[in-house]
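Open the model in your viewer and keep the sequence panel beside it. This tour goes from one selection to the next.

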Amino acid sequence: MEFNTIIEPFRIKTVEPIRRTTRAQREEAIKEAGYNPFLLKAEDVLIDLLTDSGTGAMSSRQWAGMMVGDESYAGARSFYKFEAAVKRITGFKHVLPTHQGRAAERILFGSALKPGDIVPNNTHFDTTRANIEYRGAIALDIPIAEAHQPNVYHPFKGNMDLERLEQTLREHSGHVPMVMVTVTNNSGGGQPVSMANIRGISEIAHRYGIPFFIDACRFAENAWFIKMREEGYADKSPMEIAQEMFEYADGATMSAKKDGMANIGGFLAMNDDELAQRCKNMEILGEGFPTYGGLAGYDLEAIAIGLEEALNPDYLRYRIRSIEYLGERMKRAGIPFIEPTGGHAVYIDARRLLPHIPWNEYPAWALSLVMYIEGGIRSVEIGSVMFGRQPDGSEKPAAMELVRMAFPRRMYTQSHVDYLAEVLDYIKEISPRIRGVRMVEEPPVLRHFTARFEPTHDGLLV
Ligand code: F0G
């Protein structure tokens with residue numbers, strides 16, 4: 001007999017208590033934090049869905065691995081173990097450990113871009129875009145049209161628009177030093193990219209003689225979606241699928257804080273000898289010697305084991321299913337979100353849930369505050385607070401007003417998800433009464449991290 005219930009494929013060996021607070025305490029805490037969830041003390045949060053980055057639980061094997069970490073400055077045993085794990089999955093010739101994903105980006109773009117260059121991607125993550133723009137180059141997002149239609153179903157909404165890619169390469173020949181694709185597409189709703197699309201990007205880039213890099217943060221989740229949704233992959237293991245994804249590429253940047261199942265770390269990998277040499281020189285300047293790259297030996301051990309655990313089918317089934325399950329509960333309650341649910345997060349569509357709040361009273365921001373006040377849940381706004389301020393100083397609405405609930409790996413259980421669904425049901429019920437916020441302190445750059453706010457109506461959000 002095959003049973004349908006998908007259980008957490010682990011038992012819990014160590015527990016960390018989470019602190020219950022009253023609604024009054026949370027109202028006070030968020031007021032003190034200037035109505036900015038980034039400024040809350042983590043201890044005042046019951047369920048923390050701010051990010052899935054570095055926040056997951058490590059396995060007993062990873063903790064055991066940390067005890068045998070080799071802290072030699074150069075040529076440590078732990079580096080060779082790490083290198084072998086990355087090579088087994090990606091097949092790339094050169095592997096440079098880094099302290100996290102953005103360090104790999106900084107080294108790669110610092111070594112390969114010049115001002116005026118263009119880097120196409122399905123959608124650049126913020127740090128990727130910022131590192132490209134810092135070099136005076138242009139980060140071009142060319143996802144398929146469905147990516148911006150929250151309620152339209154597409155099995156691979158993270159795909160790149162291949163026609164636009166070809167057009168870009170044709171029109172800007174000599175100015176595109178690399179093509180990238182982000183799997184899964186975090187900024188576009190954690191949506192997967194199909195193998196056919198990866199193959200297509202590779203074919204086009206290589207026809208123009210341009211290298212193709214994968215932003216591989218959530219490669220294992222992407223592999224699982226390919227297994228579930230793409231013809232011809234149902235019988236392949238996530239490892240085989242991941243190996244094929246990387247076969248089409250010339251290199252990758254990776255944050256091991258996601259599908260490396262570690263609390264810190266990342267890497268840059270590639271085949272090109274000459275580029276690798278330049279990157280290694282740059283790595284020494286900022287990260288450290290190329291066999292540790294800003295990490296402790298024990299971090300390298302944790303990542304080597306984590307990369308393999310991330311590809312475990314039982315783990316991936318549970319991971320993707322628990323997020324899908326939350327989506328089903330929300331759908332039943334009539335809460336709009338980006339469909340289908342992605343790999344690491346659910347993105348609530350605040351513009352549709354709170355149509356009465358104008359964009360410049362930041363509906364998604366207000367919603368994330370109410371989720372904290374009512375349920376102790378911390379999430380993140382991806383809307384007009386994050387993207388509204390323009391380089392010329394003006395303000396305009398973001399393309400979408402979203403609240404992202406990102407799930408740390410192996411951290412929360414079914415009952416946490418049930419609790420979350422119950423809180424969201426209640427929020428749906430009170431949604432007509434939710435009011436907006438105004439910004440009272442605004443830093444000049446990356447304002448969402450430190451800006452302070454006030455409710456627009458008598459100091460009350462609901
Ligand atoms: N690329 C993608 C697709 C990411 O999601 C992130 C991080 C990075 C690169 C940068 O990696 O944080 O290790 O330097 N995303 C986190 C998030 C922060 O919350 O989505 P990093």
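Two strands count as paired if DSSP finds at least two bridges between them. Keep that in mind for the sheets below. The model is a predicted one.

**Stop 1: a parallel pair.** Select strand S6, residues 212-215, and strand S7, residues 251-255. The two run parallel and are joined by three bridges. Now pick Ile214. Its bridge partner in S7 is Ala252.

**Stop 2: the whole five-stranded sheet.** Widen the selection to S2, S8, S7, S6 and S5. That is the strand order across an open sheet with mixed pairing. Which strands form the edges? They are strand S2 (94-98) and strand S5 (179-182), each paired on one side only. Look along the sheet next. Neighbouring strands are turned against each other by 15 degrees on average, direction ignored.

Add helix H10, residues 273-286. This helix packs on the sheet and touches S2, S6 and strand S8 (266-270). Its direction makes about 20 degrees with that of S2.

**Stop 3: the ligand.** Select the ligand and the 17 residues around it. Which come nearest? They are Thr51, Arg102, Asp215, Ser255 and Lys258. By class, the shell divides into two nonpolar, eight polar and seven charged residues. Helix H4, residues 101-112, supplies the largest share of the shell, with three residues.

Check these distances to oxygen atoms of the ligand:

- Arg102: 2.6 Å from a side-chain N or O atom.
- Asn186: 2.8 Å from a side-chain N or O atom.
- Gly101: 2.9 Å from a backbone N or O atom.

Show the surface now. On its own, the ligand has 470 Å² of accessible area, and the protein covers 93% of that.

**Stop 4: the three-stranded sheet.** Move on to S9, S12 and S11. They form an open sheet in the order S9-S12-S11, with antiparallel pairing. The edges are strand S9 (345-349) and strand S11 (380-382), each pairing on one side only. From one strand to the next, the twist averages 30 degrees.

Zoom in on S9 and strand S12, residues 402-406. Five bridges link this antiparallel pair. Label Val346, and you will find Met405 of S12 opposite.

**Stop 5: two helices on that sheet.** Select helix H12, residues 313-333. It packs on the sheet, touching S9 and S12, and its direction makes about 25 degrees with that of S9. Then select helix H14, residues 363-375. Helix H14 touches S9, S11 and S12 as it packs on the sheet. Its direction makes about 40 degrees with that of S12.

Definitions and conventions: Residues numbered from 1 in each chain as written. Predicted model: local features only at pLDDT ≥ 70, side-chain atom pairs only at ≥ 80, totals over all residues. Heavy atoms only, no water. Near = heavy atom within 4 Å. Polar contact = N/O pair within 3.5 Å; in protein donor to acceptor, adjacent residues only side chain to side chain. Areas by Shrake-Rupley, 256 points an atom, 1.4 Å probe, with all protein chains shown as cover. Helix = DSSP H or I, 4+ residues; strand = E, 2+ residues; numbered from the N terminus. Nonpolar A, V, L, I, M, F, W, Y, C, P; charged D, E, K, R; others polar. Axes fitted to C-alpha atoms, helices over the stretch in contact; angles between N-to-C directions. Contact = heavy atoms within 4.5 Å.
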